[in-house]
Amino acid sequence: MIEPQRELDTHTVENQVPFLPSIDLYMMDLPLRESVRREGGGSQEERLSQFGSVLGSETYREHGRLANVHAPTFHPFDRFGHRIDEVRFHPSYHSLMGLAKESGIHSLAWTLPKGGHVVHSAMKYLLTQVEAGCCCPLTMTYAVAPTLEGHGAWADEVRTKVLSNEYDPRFLPISEKKGITMGMAMTEKQGGSDVRANSSQATLLEGEQYHLRGHKWFCSAPMSDAFLTLAYTKKGLTCFFVPRVTPEGKRNRLHIQRLKDKLGNRSNASAEIEYDRTWARRIGEEGRGVPTIIEMVHHTRLDCAVAAVGLQRRALTEALHHARHRKAFGRYLIDQPLMQNVLADLCIEYEANLMMVFRVARAYDEKDTLFARLAVAIAKYWSNKRCAYFVNEAMECLGGAGYIEESILPRLYREAPLNGIWEGSGNVICLDILRTIHKAPDAFASLWSELEKARGVSSILDRELDALQNDLKSRENMVFQARRIVERLALALQASLIARFGTKALFHAF
């Protein structure tokens, strides 16, 4: 690149931070490498380094910027007035989706003999640092795989296309696609997270085939090849598989009403949709819609927790890069004591969140469902609850330069609240955790066993474990304290992991 002019008519440009060069996002991240090795994904480090090197290049970081600058556009009709319900994306979005799918971000959790969820989580964490909008359809494609198991030949065929590493954005029947992406549409205007308040109805045609009528208030990635959705039959709320193209090769009657004008996550389209005689196939038993789709939700929660830490890592990278190159009052920022305190706090919190989410990912690989059930909800709540504060602090490290759109910090800041809202906002998650603690004692016992592994390392941690255990024995006013209890569980889990696997200095600082 030809260097820009620094000698201007009125002044010389100096003390400015250089552009962040191309970097290997995996190899530059020692805490990530340690977590991947410790939790069982070390055999795939070459794959992760290759993915991190391409993502960290100036080319792909520019793809991330362009995918957000040029947001998706909705085209309800073609030029002749025929209804098409299509959303179109910038080429940079397709470049990022292609790289991610070809690298196996959605499939490795199910195809690697060992450490698949850890490797998947590492890829998700890396991709989020460059462009988070692509993560939504990739997460749902990853998460749908276990839900499709055991539902017959048609579901097996769909699952094969789900696990394909081919990115095929063409609008075609699933049978003609090289690989597909999946979406999910659950919430409605009157209910939100309370999906049992849904009003969409399903009318039986024959066998497992139905027509749906109703609406969905949020449907992200509406150009996915198919969606899991919920609607009522005579036996209750039921799960359905809804393709964009019917088995006969016709456009399904899934009508996009408009795209959401979101705070962030701009490159990813989110839509309001209506079902009007929309063809669907039942998946799972009638009246068992929530238990059928909950496995998909359980896996999306892991990605929600991991994505928040990826955003934190990118914000920290920007803050450290700026502090190393910018001088104030005669010294580089990174040499200023108060800035050192701020950066150290960010590093400590980031590493604590990183260790927590990758420990949860290992539980998925080990099929430790009791521990994962509670731990993923705790990790999702806390990593996301801290994300906006974290990004804001990193933005302050850059001062006014961090508030300008040319820096990535505003995009990260707009993205920061998303995963804390998606798949259950703070109150929903905390109440779910309390319910699990009281109704699934085996799950709580598994979580507590993990915390107890650090017993004796620190009197401070021991006292907190004792106090937390006593507080959890009483149900009085528990609902009012739900957020505080979940926060304490998260911090105790992080402290337990740092005590066992971190340095003494890190543990005492934490």
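This note sets out points on a pocket, a helix, the nonpolar core and backbone angles in a predicted model.

1. The second largest pocket. This pocket holds about 1500 Å³ of space. Its lining is made up of 37 residues, of which P18, F19, L20, E406 and S407 lie closest to the pocket centre. Three elements each give two or more residues to that lining, namely α3 (58-69), α10 (289-325) and α14 (409-415). The largest share, six residues, is contributed by α3.

2. Character of the lining. Sorted by class, the residues that line the second largest pocket comprise 15 charged, 13 nonpolar and nine polar residues.

3. Length of helix α4. Helix α4 covers residues 91-102 and has 12 residues. The expected span at 1.5 Å a residue is 16 Å, and the C-alpha atoms at its ends are 16 Å apart, so the model agrees with the expected value.

4. Surroundings of helix α4. The buried residues of α4 are S92, Y93, L96, M97, G98, L99, A100 and K101. The elements that cover these buried residues include α2 (45-55), α3, α6 (116-130), α7 (135-143) and α9 (153-163). Just after the helix, G104 adopts a positive phi of about 85 degrees.

5. The largest nonpolar core. This core contains 157 residues. Those with the most contacts inside it are L32, L55, L127, L228, L409 and L489. In soluble globular proteins, nonpolar side chains tend to be buried together.

6. Contacts of L55. With residues up to four places away in sequence left out, L55 touches L25, Y60, R61, L96, L99, L126, L127 and V130. Among these partners, L96 and L99 also appear in the list of buried residues of α4, and L127 is itself one of the residues with the most contacts inside the core.

7. Residue D85. Although not a glycine, D85 has a positive phi of about 50 degrees. The residue belongs to strand β2 (residues 83-88). Is D85 buried or exposed? Its relative accessibility is 4%, and D85 therefore counts as buried, the limit being under 20%.

8. Residue K367. A positive phi of about 55 degrees is found at K367, which is not a glycine either. K367 sits in the loop between α11 (337-365) and α12 (369-385). Its relative accessibility is 68%, and because the limit for exposed is over 50%, K367 counts as exposed.

Terms used. Residues numbered from 1 in each chain as written. Predicted model: local features only at pLDDT ≥ 70, side-chain atom pairs only at ≥ 80, totals over all residues. Heavy atoms only, no water. 1 Å grid on protein atoms, 1.4 Å probe; cavity = no way out; pocket = protein on both sides within 12 Å on 5 of 7 lines; lining within 4 Å. Points joined across faces, edges and corners; volume = space filled by probe spheres on them. Helix = DSSP H or I, 4+ residues; strand = E, 2+ residues; numbered from the N terminus. Nonpolar A, V, L, I, M, F, W, Y, C, P; charged D, E, K, R; others polar. Expected span 1.5 Å × (residues − 1). Buried < 20%, exposed > 50% of the residue type's maximum accessible area, 1.4 Å probe, protein only. Contact = heavy atoms within 4.5 Å. Core = buried A, V, L, I, M, F, W, Y, C linked by side-chain atoms within 4.5 Å.
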